[in-house]
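User: I should like to go through the classifications applied to this model and the grounds for each. Please set every value against its criterion.

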Amino acid sequence: MPVARLREAILEYLSDARSDSVEVQQKALYNLASMTKVSLQNRSLLAQTEGAISNFIMLTKSSSPIIETLALAILFNLSLNLDLKQSLADMNTILRLNSIIISPRSPESSRLACSLVCSLAMLDKNKAKFGVAGTIQILVDAISGPRGPASHHLLSSLAELVQFHGNCTLAVRSGAVPVLMGIIESPDGEDLAGSSLAILVLLVRFEEGLNAIIGRERIVSCMVEVLKRRCMLSKEGAGEILLRIFDESEGCVRDALRLPELSTVLADLSVRGSSKAREKAAQLMKKMTEASSDPGIDGNSMFLQWY
């Protein structure tokens with residue numbers, strides 16, 4: 001379709017989106033969502049239309065859940081264009097997304113709001129904005145609540161935001177470590193454990209997160225239990241965390257050497273794990289062997305057989 005015709009169609013749909021009729025609004029927004037789902041050009045044309053984005057933000061406050069969902073879907077589609085991420089992430093938009101995450105009217109609206117946060121946060125310049133707006137605390141609180149269809153999306157949004165150091169500090173102070181550990185230790189949390197461990201790996205890079213994780217009771221035995229699970233992403237995360245805490249805490253190394261099953265678990269992981277998991281297992285074996293040969297530490301003779 002020629003650009004001139006596309007502009008006309010966009011203007012027509014935007015006009016209908018302001019209609020008093022929910023049915024007319026729904027049809028117009030559905031068409032705009034379809035137009036922007038795969039076309040970079042259509043997204044740019046829509047974003048360039050005066051008042052379009054502010055109108056979609058307003059429509060997320062509609063009393064109709066369908067209108068809210070379609071408006072969020074369009075905003076998410078627009079966020080896929082790299083050159084639109086910064087302008088979309090203004091404080092009014094972020095605060096509106098925070099409100100939806102706090103009190104979602106449907107699982108779909110929560111999922112879309114989280115997806116939009118994650119998409120906008122992929123631009124590094126936007127990450128700090130979400131920290132300032134209180135999004136980190138809101139995500140941690142939502143993750144701590146009952147599991148739901150949006151749980152994975154909540155975790156993905158938090159994972160993207162904590163790649164920025166300042167947000168790591170906010171996450172730790174918001175109670176992210178006990179919340180994430182609760183998911184990891186839950187008997188029915190296997191599907192979310194991998195994502196939770198990936199976030200902990202990001203938090204443990206910095207002193208605040210490292211201290212919070214080392215301070216957890218039975219952290220070593222908990223991570224070793226994760227190494228026994230089926231999920232390879234979880235095993236990779238647990239291996240990374242063990243390496244980090246062993247570098248900083250001799251007490252954690254001592255705790256590990258007191259676990260008779262650790263040598264067997266690492267040996268199995270070094271053979272059956274993914275490439276990354278095998279690498280972590282080899283590093284852990286080396287570290288444990290060195291600790292076992294240290295006369296100042298009560299060693300586990302099983303590790304000495306590997307070297």
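User: How many positive and negative side chains does the chain have, and how far apart do the centres of the two sets lie?

Analyst: In this predicted model, the chain carries 32 positive and 33 negative side chains. The centres of these two sets are 3 Å apart.

User: Why is V132 called exposed?

Analyst: The criterion for an exposed residue is a relative accessible area over 50%. V132 has 68% relative accessibility, and therefore it counts as exposed. This residue belongs to helix α9, which covers residues 124–132.

User: What makes the nonpolar surface patch that includes V132?

Analyst: M91, L95 and V132 make this patch, with an area of about 280 Å². Membership requires over 30% relative accessible area and no salt bridge, with nonpolar side chains joined within 5 Å.

User: Why is helix α13 described as largely enclosed by the rest of the structure?

Analyst: A residue is buried when its relative accessible area is under 20%. In α13, residues 176–185, 7 of the 10 residues are buried, so the helix is largely enclosed. Those residues are A176, V177, V179, L180, M181, I183 and I184.

User: What covers the buried residues of α13?

Analyst: The cover includes α10 (135–144), α11 (151–161) and α12 (165–173), together with α14 (190–203), α15 (207–214) and α16 (219–227).

User: What percentage of the chain is buried, and how many helices and strands are there?

Analyst: Of the 307 residues, 52% are buried. The chain contains 21 helices and 0 strands.

Conventions: Residues numbered from 1 in each chain as written. Predicted model: local features only at pLDDT ≥ 70, side-chain atom pairs only at ≥ 80, totals over all residues. Heavy atoms only, no water. Helix = DSSP H or I, 4+ residues; strand = E, 2+ residues; numbered from the N terminus. Buried < 20%, exposed > 50% of the residue type's maximum accessible area, 1.4 Å probe, protein only. Lys, Arg positive; Asp, Glu negative; His and termini not counted. Charge placed at Lys NZ, Arg CZ, Asp CG, Glu CD. Contact = heavy atoms within 4.5 Å. Patch = residues over 30% accessible without salt bridge, like charges linked within 9 Å, V, L, I, M, F, W, Y side chains within 5 Å. Areas by Shrake-Rupley, 256 points an atom, 1.4 Å probe, with all protein chains shown as cover. Salt bridge = Lys/Arg side-chain N within 4 Å of Asp/Glu carboxyl O.
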